[in-house]
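Student: I should like to go through this model by asking how each description is justified. May we set the values against their definitions?

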Amino acid sequence: MRKIQMVDLGGQFAGIKEQVNTAISKIMETSAFINGPEVHAFQKELEDYLGVKHVIPCANGTDALQIAMMGLGLRPGDEVITADFTFAATVEVIALLNLTPVLVDVDPETFNIDVEAVEKAITSRTKAIVPVHLFGQCANMDAILELAERHNLYVIEDNAQAIGADYFFKNGKKQKAGTMGHVGSTSFFPSKNLGAYGDGGAIFTNDDRLAHTLRGMVNHGMYERYHHDVVGVNSRLDSIQAAVLRAKLPKLDEYCSKRREAARKYSDHFSGQDHIAVPITVNNCEGVCDTCDCHVFHQYTLKITNGKRDALVKHLNEKGIPCGVYYPIPLHRQKAYVDERYRESDFPVTNELVKEVISLPMHTELDDEQIAYITTSVIGFVNG
């Protein structure tokens, strides 16, 4: 059996090696390292893939989220509601801009932001909602967009984990994750479904005026060299990373399909296990998930419900099976974000998830032998 990896980027590279090497060699010859032709070509190709008017490439996913908030003109003290159960970058950028983060609980099935909790948290100071499309599945965008319209709030999609995912609205309309709100952001960190070989990110919007503002902000606020029209930052996607992403983008649907197939095999093996809860896909696509990307499985995350999660992590590591706990500490308990406004009773789902979740290897190169070994190891320990 091949060595099991959490993410097998080397195996994936084999399928695009010639294209990547040729593109990088050309960049080296032309020395167009920053804002070169590869960046512009990738921007256009990603716009076409997502069906969005504007893609603004930038240096990483955290910058993408921060610049999106800057572009909307949010001001210190404005409240921004987001999920307690996610990576710290989501709340980090809110705090960096001197906005007021408001953390709320998540749905027990999808782990995405709980819309009822969002509505309860809205005040006169609330200006935006940041739904995180966690682990590869969209939040309930029907309800979030309706709520935002009713309260005149911005919707900023954190799409770092769900690039390529489809969302089916109740009216039958379909859109790609990250393109439904006022603005969306994503990360091209190497382990993402669409990952570079270094850092990278992008911002998405259909708003022409906002897109213009964002394009200046990522480049020191310049639209013309040495003319600084807005306060900006230095956050540009480099040409080498754009070349890697151009090679991968035409394969993104294939990559997502392979992840969904691996997830189905995992779930089939775990079927009927009392103490192992498999991921649930919730959408309005009426059972056509075999042919659409409702869930793109950036992570395949189980819940271990008999108190053995931490011991299982140790057991799997001893058997050469990498795994991850995303996330072991809720944001409301992180030292940087502790706030007297929060009560433990506000976060019953999150507080349970941090004790139960475990993510198994998930990538495009998983084979049946590896999946069988992983699932047998998990089942044997949990039931032992």
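**Pockets, cavities and a helix crossing**

Tutor: We may, bearing in mind that the model is predicted. One point of departure is the second largest pocket, which holds about 410 Å³ of space. Its lining comprises 17 residues, and L103, V104, A117, A121 and D346 are the closest to its centre.

Student: Which elements give two or more residues to that lining?

Tutor: They are β3 (100–104) and α6 (115–121). The largest share comes from α6, with four residues.

Student: What makes a residue of the second largest pocket count as charged or nonpolar?

Tutor: Asp, Glu, Lys and Arg count as charged, whereas Ala, Val and Leu are among those that count as nonpolar. By this division the lining of the second largest pocket has nine charged, seven nonpolar and one polar residue.

Student: How is the largest pocket described, in volume and in lining?

Tutor: The largest pocket contains about 570 Å³ of space. It is lined by 26 residues, of which F87, A160, Q161, S187 and K192 are the closest to its centre. At least two lining residues come from each of α4 (61–71), α5 (89–96) and β8 (183–187). By class, this lining has twelve polar, eleven nonpolar and three charged residues.

Student: Why is a space called a cavity rather than a pocket?

Tutor: A cavity is a set of points where a 1.4 Å probe fits but cannot get out, whereas a pocket is an open set. Two cavities of 30 Å³ or more are counted here. The largest cavity has a volume of about 80 Å³, and the second largest holds about 50 Å³.

Student: Which residues line the two cavities?

Tutor: Around the largest cavity are E109, T110, F111, L134, F135, Q137, P279, I280, H295, Q299, Y300 and T301. They divide into six nonpolar, five polar and one charged. The lining of the second largest cavity consists of V7, D8, L9, Q12, P190, S191, K192, R259, H363 and T364, with three nonpolar, four polar and three charged residues.

Student: What makes α10 and α13 a crossing pair, and what is its handedness?

Tutor: The axes of α10 (residues 252–270) and α13 (residues 368–382) come within 10 Å and cross at roughly 35°. The crossing is right-handed, a term used when the near helix is turned clockwise from the far one by less than a right angle.

Student: How do you know that α10 and α13 are in contact?

Tutor: Contact means heavy atoms within 4.5 Å. On the α10 side the contact involves A262, K265, Y266, H269 and F270, which meet D368, I371, A372, I374, T375, V378 and I379 in α13. These residues divide into eight nonpolar, two polar and two charged.

Student: Where does L97 lie, and which residues does it contact?

Tutor: L97 is in the loop between α5 and β3. Neighbours within four places in sequence aside, L97 is in contact with Q66, M69, M70 and P76. Between L97 and R75 the C-alpha separation is 7.8 Å, although they are 22 residues apart in sequence.

Student: Why does the radius of gyration agree with that of a compact globule?

Tutor: For 384 residues, the rule gives a radius of gyration near 21 Å, and the protein chain has 21 Å, so the two agree. The C-alpha atoms of this chain fill a box of roughly 65 × 55 × 40 Å, and the chain has 13 helices and 14 strands.

Notes: Residues are numbered from 1 along each chain as its sequence is written. This is a predicted model: local features need pLDDT of at least 70, side-chain atom pairs count only at pLDDT 80 or more; totals for chains, interfaces and linings use all residues. Side-chain values use heavy atoms; hydrogens and water are left out. On a 1 Å grid over the protein atoms alone, a cavity is a set of points where a 1.4 Å probe fits but cannot get out, and a pocket is an open set with protein on both sides within 12 Å along at least five of seven lines; lining residues have an atom within 4 Å of a point. Grid points are joined across faces, edges and corners, and a volume is the space filled by probe spheres set on the points. Axes are lines fitted to C-alpha atoms, for helices over the stretch in contact, and angles run from 0 to 180 degrees between N-to-C directions. The radius of gyration is taken over C-alpha atoms; the globule rule is 2.2 Å times the number of residues to the power 0.38.
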